[in-house]
Structures are given as C-alpha cells and as structure tokens.
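Let's walk through this model together, one question at a time. Have the fold open in your viewer and follow along.

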Amino acid sequence: MRHEIDVQSHAPFGDVMSEAISKCVHCGFCLSACPTYQELQQETDSPRGRIILMKEVLEGGMPLETASPHLDACLGCVACVPACPSEVAYGDLLSSFRATQESKRARPWTQRLRRWLTQATLPYPKRFRIAARTGRFVKPFRRAVPASLRVMMDLLPDKIPKQTRLPSVVPAIGEKRGSVALLTGCAQSVLDPDINVATIEVLTRNGFEVQIPRSQGCCGALSWHIGNHDQAKKFAIDNLDAFETTPDVDAVITNAAGCGSGMLEYPLILKGTRSETKARSLAEKVIDVSHFLAQRGLSESLPETPSSIKVAYQDACHLAHAQGVRQSPRELLTRIPGIELVELRDSHLCCGSAGTYNMDQPEIAASLGGQKVDRIMESGADLVATGNIGCLMQLKSHLKQRSSDVPVRHIMQLLRDAYQGRPLG
C-alpha cells in the first residue's frame, strides 16, 4: 500500500520535496544531461530514477540504506534542471532530502571521519591552511593512511599560497559607478587568494567601490549539499549578520560558482525560521562577478596586445545550471584583446569536482575529470578559464596527471592581467 509523503514529519522541507516529486513526469529528458547516468548507465543513477528512490524513502516504502548508494553518487550538478520541461526543482529536492535524512544514516567510521575532517576544516580558512600544510608533509607516507582518507591528500596542491589580507573597503578608481560587497570564500582564500585580489582590482578599475565585511565566513554550500543542515544554517545566519553591515551596496558579489549558488539557497536553508525573510532580501542582491560586469559593462577599455591565445571556457555547473549564467563569462572573455574563445565538446557535463564529491566518490570524479581534460586537449586550447575554485583545482590536478602545461585561470585573473598588460598564459 502506497502512502503520500507526510509533509509535516519532514518539516520544514516536506512541501518542497513533495512539490518537486509530483512535478516529475519521468519523461527522460534529464538522462542525456546527467553525468552520472552517462557514466553508470543505470536508471537508479539518473535524476528521474533518484526522484523515485527519494519518493519511496519518504513514503516509507524503501529503506534509506537501499537508496543511499545511488543518491550519494549524485553530483548535485543540477544539469538536469535546465533540461527538464516540467521545471522540477531537483536541486532543492536533493538538498532537502539530504538535510532531513543524513542523521538517520549509519556510515562506516572512515566515512564519518572523512566527513568530520572536511566539515571541521574546509569552511574555516585558518584551520584549512594548517590542515593543508600538514597534509603536504604527510603525503610521502600516504600509503599508511586509509584509502578513503588518502584521496584528500592527493587533491592538495604542491604549494599553499601565502595568506592575503584584504582591506575592509577598497575605493573605486576614477569615477565611482557604485558600491558592492564581496564574499571572499573559505577554501578559495586558502587555495588561490589571488582570485579575490584580481576580482577587487577589476571591479575598482571599472568604478565600483568594494566592501569586504570582516565578520563574513563560509557560505555554507558545502554543509548544505552534504546534509549538515545545522551547520549550513549557522553559516547562513552569520553571513546575513555580516552583510547587514553593507546595506547600501548595489550587489553582493561572488566569484565562486558554488558560493554564489549557496547564498542564493539561503531562503531554503533558513525556511521556517525567523531569518527567512532576511535571507530572501540578501539573495536578491547576490550575483556572480562575471554576470555583474557583463550587465554593467566594462568602463575601462582593455589595452591592445600583439599576441593571440586560444582560451577554452569551462562552465562551472553551479554557474551555468544553478544560476543560469552562461553567456556573461564568454562575453567578458571575448572583450580581452588577443583571446580566441574555443568551446569544449560536452561543455554541459560536470568536471567531477562538485564540492566534496571528488573525495566522496573518487572513482567517478576521476573519470569525469579525465573526460573533461580529453575535451580540453582536443580543443587545442592554450589556456582554460573558469569561474569556480573547485573546477579550477580539479582541472589543474587532471592536467598535471597528463603532464600537460595548459594553465587554468579564473576569468577575473585574466581580466586583471589584461588590464596590467601582462601575458595571459
């Protein structure tokens, strides 16, 4: 006997999950868009298959343990969302499901340890810097570490950049066109702090004052997407308070696709709380830096260059699919003199990074990363541009494995270098 989803027992997300499940007509348009279905070729590893699994668990018709392996294998890339004619909010469904079910999971101790280490370090720049440097020293002895933890060390870069201290306000250069607040991110500020430096320079060169709230922290996307609702709520509320100190800004700028998507999900993360209305107000101001600059236009012209370089743009899933931003990054890149933009085949498919996915599902992530590098190499690109730190690190790692010297840069780094007349390669 089938039962409807008990919305109240799954509060505050019961209605969100029920609506998403009811909208799915199992048409199959999502299959060609789903990287893990392409990889695993099983109906249970497709978006519509996972929707059925979640429905069965929520209705009490299937044990969570039966569905979990297939749901864990989902990247959360939401490539299925723009492909869906019924506009099923798959991302909201998946995150809400994980938020309500994670506490019921019985995971092996190695998984629990890895997840605890990730959640206790990645969202906190000081801790993550210490952990990353420690991991580099432990690398030579990696074989003594359990395989499920070893992958964390393998993903660390060879060198951790020095800490960069940013001022609380950076004035616009020349005529002021507006004021923005910047989310600096957690992992990004450790792994590649130059992205924030470049973002600030590009914004100020184009007439925008940049405010950087001191009390800001992790956006909470990592916690939210792996089912740690309590931690995600805390991070969201902390950032609501932090960005309340910049009430008159035109926009809240993000330069990492996952962070921007995470902040746009604050109304869902804080659903049913006293902060939900405030979360909606903040989310209305959140915008990716590439989209912001494409909308406002570049006020400072870029200097001409005699050199020419082929640049492939890697679509970050949480920019292209979750935020619908595809053309703006390409528009900015084509504004840089000397750049010939080349498109990657299967550009809609995820590179395999997806937050902590390359640690949780290393085999699938490695396969997807390898396929993305195949597309880069066949494109003949001299350089890869992207708008997300996770994609950047994943691509760097897989290009290095192929002994490729193709660099991977953030769009803002390319724009900054172009303004300064520096080589882009």
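Two strands count as paired if DSSP finds at least two bridges between them. Keep in mind that this is a predicted model.

Q: Which residue in strand 3 stands opposite Ala181?
A: Strand 2 covers residues 178-182, and strand 3 covers residues 208-211. The two run parallel and are joined by 4 bridges. Opposite Ala181 in strand 3 you will find Gln211.

Q: Which residue in strand 4 stands opposite Ala181?
A: Strand 4 spans residues 251-254 and pairs with strand 2 in the parallel sense. That pairing runs over 3 bridges. Here the residue facing Ala181 is Val252.

Q: How many residues of strand 2 are buried?
A: In a regular strand the side chains alternate between the two faces of the sheet. On one side of strand 2, Gly178, Val180 and Leu182 are buried, and on the other side Ser179 and Ala181 are buried too. With both faces covered, the count of buried residues is 5 of 5.

Q: Why is the protein said to be as compact as a globular protein of its length?
A: The protein has 23 helices and 9 strands. For 425 residues the globule rule gives 22 Å, and the protein comes close to that, so it is as compact as a globular protein of that length. Its radius of gyration is 21 Å.

Q: What share of the protein's residues count as buried?
A: Buried means under 20% relative accessible area. Among the 425 residues of the protein, the share that meets this cut-off is 58%.

Technical notes. Residues are numbered from 1 along each chain as its sequence is written. This is a predicted model: local features need pLDDT of at least 70, side-chain atom pairs count only at pLDDT 80 or more; totals for chains, interfaces and linings use all residues. Side-chain values use heavy atoms; hydrogens and water are left out. The radius of gyration is taken over C-alpha atoms; the globule rule is 2.2 Å times the number of residues to the power 0.38. Buried means under 20% relative accessible area, exposed over 50%, partly exposed in between (1.4 Å probe, protein chains only).
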